[in-house]
Amino acid sequence: MKFTPKTFAALALSALMVAAPVASFAQSQPQQQQQAQGQYYVKPGVTLNGRSGPGTGYGKVSALKAGTQLQIVKKQGEWAQVKTDGGTLLWVFLSYLTQTAPQAQKAAPQASKPAQQKTQQPSQQQPRP
């Protein structure tokens with residue numbers, strides 16, 4: 001095949017058309033991973049099995065209580081590899097995670113008694129400024 005300027009231009013244009021989407025995809029990957037990362041929590045009312053791999057066929061390594069804070073390292077299908085505060089890497093099912101931080105437990109209101117004031121004798125009262 002003889003390369004003419006027209007053939008060379010067509011070849012270069014074809015190469016750019018292939019390279020542009022690949023470069024765009026490569027740039028979008030870190031951004032998608034950043035979105036996947038961040039603080040997540042085990043949903044309320046759930047005890048979540050942390051596994052050695054992405055699936056129920058992998059062994060249970062630990063049980064994570066509701067409200068446990070986790071950081072997603074990567075996703076694979078409906079599973080996420082997470083890092084605990086202690087640095088342990090586990091796999092969990094994504095549906096049981098939320099980005100909403102658990103509410104701090106409200107302390108039970110204590111019954112307050114009305115303050116009892118001591119009545120002082122007029123001679124013992126301090127002058128007010």
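**Exercise 1. Confidence.** State the mean pLDDT of the chain in this predicted model, and find where the pLDDT is below 50.

*Solution.*
Step 1. The chain of this predicted model has a mean pLDDT of 75. A pLDDT of 70 or more is reached by 53% of its residues.
Step 2. One stretch with pLDDT below 50 covers residues 28-35. Beyond near neighbours in sequence, residues 28-35 have one contact in the model.
Step 3. The pLDDT is also below 50 over residues 105-109. That stretch has zero contacts in the model beyond near neighbours in sequence.
Step 4. Where pLDDT is low, the predicted coordinates should not be read in detail.

**Exercise 2. The chain as a whole.** Describe the secondary structure of the chain, its buried share and its contacts.

*Solution.*
Step 1. The chain has one helix and seven strands. In sequence order the pattern reads α-β-β-β-β-β-β-β.
Step 2. Of the 129 residues in the chain, 18% are buried.
Step 3. The accessible surface of the chain is about 10700 Å². Carbon and sulfur atoms hold 53% of that surface.
Step 4. Among contacts with a separation of 6 or more, 45% join residues 24 or more positions apart.

**Exercise 3. The nonpolar core.** List the residues of the largest nonpolar core and name the strands that each supply at least two of them.

*Solution.*
Step 1. The largest nonpolar core has twelve residues. They are Tyr 40, Val 42, Val 46, Leu 48, Leu 64, Leu 70, Ile 72, Ala 80, Val 82, Leu 90, Val 92 and Leu 97.
Step 2. At least two core residues come from each of strand E1 (39-42), strand E4 (69-76), strand E5 (79-84) and strand E6 (89-93).
Step 3. Take Leu 90 as one member of the core. Leaving out residues up to four places away in sequence, Leu 90 touches Gly 50, Arg 51, Val 61, Ser 62, Leu 64, Ala 80, Gln 81, Val 82 and Thr 84. Among these, Leu 64, Ala 80 and Val 82 also belong to the core.

**Exercise 4. Strand E5 and its partners.** Work out how E5 pairs with E4 and with E6, and whether E5 is largely enclosed or not.

*Solution.*
Step 1. E4 and E5 pair in the antiparallel sense, over six bridges. In this pairing Gln 76 stands opposite Trp 79 in E5.
Step 2. The hairpin of E4 and E5 has two residues between the strands, and Gly 77 there takes a positive phi near 65°.
Step 3. E5 and E6 also pair in the antiparallel sense, over five bridges. Here Val 82 stands opposite Leu 90 in E6.
Step 4. Four residues lie between the strands in the hairpin of E5 and E6, where Gly 87 takes a positive phi near 95°.
Step 5. Because five of its six residues are buried, E5 is largely enclosed by the rest of the structure.

**Exercise 5. Two threonines.** Decide for Thr 84 and for Thr 56 whether each is buried or exposed, and list the contacts of each.

*Solution.*
Step 1. Thr 84 lies in strand E5. Its relative accessibility is 17%, and buried means under 20%, so Thr 84 counts as buried.
Step 2. Apart from neighbours within four places in sequence, Thr 84 is in contact with Leu 64, Gln 69, Leu 70 and Leu 90.
Step 3. Thr 56 lies in the loop between strand E2 (48-51) and strand E3 (60-64). With a relative accessible area of 65%, Thr 56 is exposed, the cut-off for exposed being over 50%.
Step 4. Not counting residues up to four places away in sequence, Thr 56 touches Arg 51 and Trp 79.
Step 5. Thr 56 and Val 92 are 36 residues apart along the chain, and their C-alpha atoms are separated by 9.5 Å.

**Exercise 6. Aromatic pairs.** Find how many aromatic pairs there are and classify each by its geometry.

*Solution.*
Step 1. The count comes to two aromatic pairs.
Step 2. The rings of Trp 79 and Phe 93 have centres 5.3 Å apart and planes at 75°, so this pair is edge-to-face. Trp 79 lies in strand E5 and Phe 93 in strand E6, so the pair ties together parts 14 residues apart in sequence.
Step 3. Trp 79 is buried at 14% relative accessibility, whereas Phe 93 is partly exposed, with a relative accessible area of 23%.
Step 4. The rings of Phe 93 and Tyr 96 have centres 6.1 Å apart and planes at 50°, so this pair is tilted. Tyr 96 counts as partly exposed at 39% relative accessibility.
Step 5. Ring pairs link Trp 79, Phe 93 and Tyr 96 into a cluster.

Technical notes: Residues are numbered from 1 along each chain as its sequence is written. This is a predicted model: local features need pLDDT of at least 70, side-chain atom pairs count only at pLDDT 80 or more; totals for chains, interfaces and linings use all residues. Side-chain values use heavy atoms; hydrogens and water are left out. pLDDT is the predictor's confidence in each residue, from 0 to 100. Contact means heavy atoms within 4.5 Å. A nonpolar core is a set of buried Ala, Val, Leu, Ile, Met, Phe, Trp, Tyr and Cys residues joined through side-chain atoms within 4.5 Å. Buried means under 20% relative accessible area, exposed over 50%, partly exposed in between (1.4 Å probe, protein chains only). Two strands pair if DSSP finds at least two bridges between them. Rings of Phe, Tyr and Trp (its six-membered ring) pair if their centres lie within 6.5 Å; planes under 30 degrees apart count as stacked, over 60 as edge-to-face and the rest as tilted. Accessible areas come from the Shrake-Rupley method with a 1.4 Å probe; for residues, only the protein chains shown count as cover.
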